[in-house]
Amino acid sequence: MAKTILIVDDSSSLRTVVRLALARAGYDVLEAGDGVAALEALAKAPKVHLIVCDVNMPKMDGITFVTQVRQHPQHRFIPVVMLTTEGEQDAMNRGRQAGAKAWIVKPFNPPQLLDAVSKLVLP
């Protein structure tokens with residue numbers, strides 16, 4: 001059974017690139033355009049094994065989203081990889097404090113993302 005990964009990014013083109021890379025690697029993929037939609041997707045999904053999330057999004061940014069996920073008993077242990085243009089140490093520190101397990105700065109290469117995913121995805 002394939003593992004399910006939730007991609008959270010307001011850029012549909014970036015979600016497509018990430019979805020294609022993950023699908024080719026054998027993962028099932030869910031998508032959301034912001035943190036609010038991602039929380040709704042998590043509530044409906046039977047199991048999500050990892051989340052790939054942007055930081056800067058409308059409605060609910062990635063750091064707030066990760067904080068919300070960590071407060072939910074059913075989802076708090078899902079690993080989160082931040083995939084963002086934010087490369088500042090302050091943003092990375094806020095992401096780690098919120099509960100992100102990895103930080104990848106855009107532009108990225110798919111093998112880099114797949115490497116992080118394979119190391120962090122839940123069994």
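A nonpolar core, as the term is used here, is a set of buried Ala, Val, Leu, Ile, Met, Phe, Trp, Tyr and Cys residues joined through side-chain atoms within 4.5 Å. Keep in mind that this is a predicted model.

**The cores**

With that in hand, look at the largest nonpolar core, which has 25 residues. The members that touch the most other members are L6, V8, L42, I51, C53, F65 and M82. Two or more residues each come from strand 1 (4-8), helix 2 (35-44), strand 3 (50-53), helix 3 (62-71), strand 4 (80-84) and helix 4 (89-98). Helix 3 gives the largest share, four residues. There's also a second, separate core of 17 residues, and I5, V52, F108 and A116 are among them.

**Around C53**

C53 is a handy place to zoom in. Not counting neighbours within four places in sequence, C53 is in contact with V8, G62, F65, V80, V81, M82 and L83. One of these partners, M82 in strand 4, stands opposite C53.

**Strand 4 and what flanks it**

How many of the residues of strand 4 are buried? Five of five, so the strand counts as mostly covered, given that buried means under 20% relative accessible area. In a regular strand, side chains alternate between the two faces of the sheet. For strand 4, V80, M82 and T84 lie on one side, V81 and L83 lie on the other, and both faces are covered.

Strand 4 pairs with strand 3 and also with strand 5 (residues 102-105). On the strand 5 side, V81 stands opposite A102. Here's how the two pairings line up:

| Pair | Sense | Bridges |
|---|---|---|
| Strand 3 and strand 4 | parallel | three bridges |
| Strand 4 and strand 5 | parallel | four bridges |

Helices make the links in both cases. Strand 3, helix 3 and strand 4 form a right-handed β-α-β unit. Strand 4, helix 4 and strand 5 form a right-handed β-α-β unit as well. Helix 3 and helix 4 also turn up on the list of elements that give two or more residues to the largest core.

**T4, over in strand 1**

Last stop: T4, which sits in strand 1. Is T4 buried or exposed? T4 has a relative accessible area of 14%, and because the cut-off for buried is under 20%, T4 is buried. Its contacts, again leaving out neighbours within four places in sequence, are D28, L30, K47, V48, H49 and L50.

Technical notes. Residues numbered from 1 in each chain as written. Predicted model: local features only at pLDDT ≥ 70, side-chain atom pairs only at ≥ 80, totals over all residues. Heavy atoms only, no water. Buried < 20%, exposed > 50% of the residue type's maximum accessible area, 1.4 Å probe, protein only. Contact = heavy atoms within 4.5 Å. Pairing = 2+ DSSP bridges. Right-handed = clockwise from strand over helix to strand, strands pointing away.
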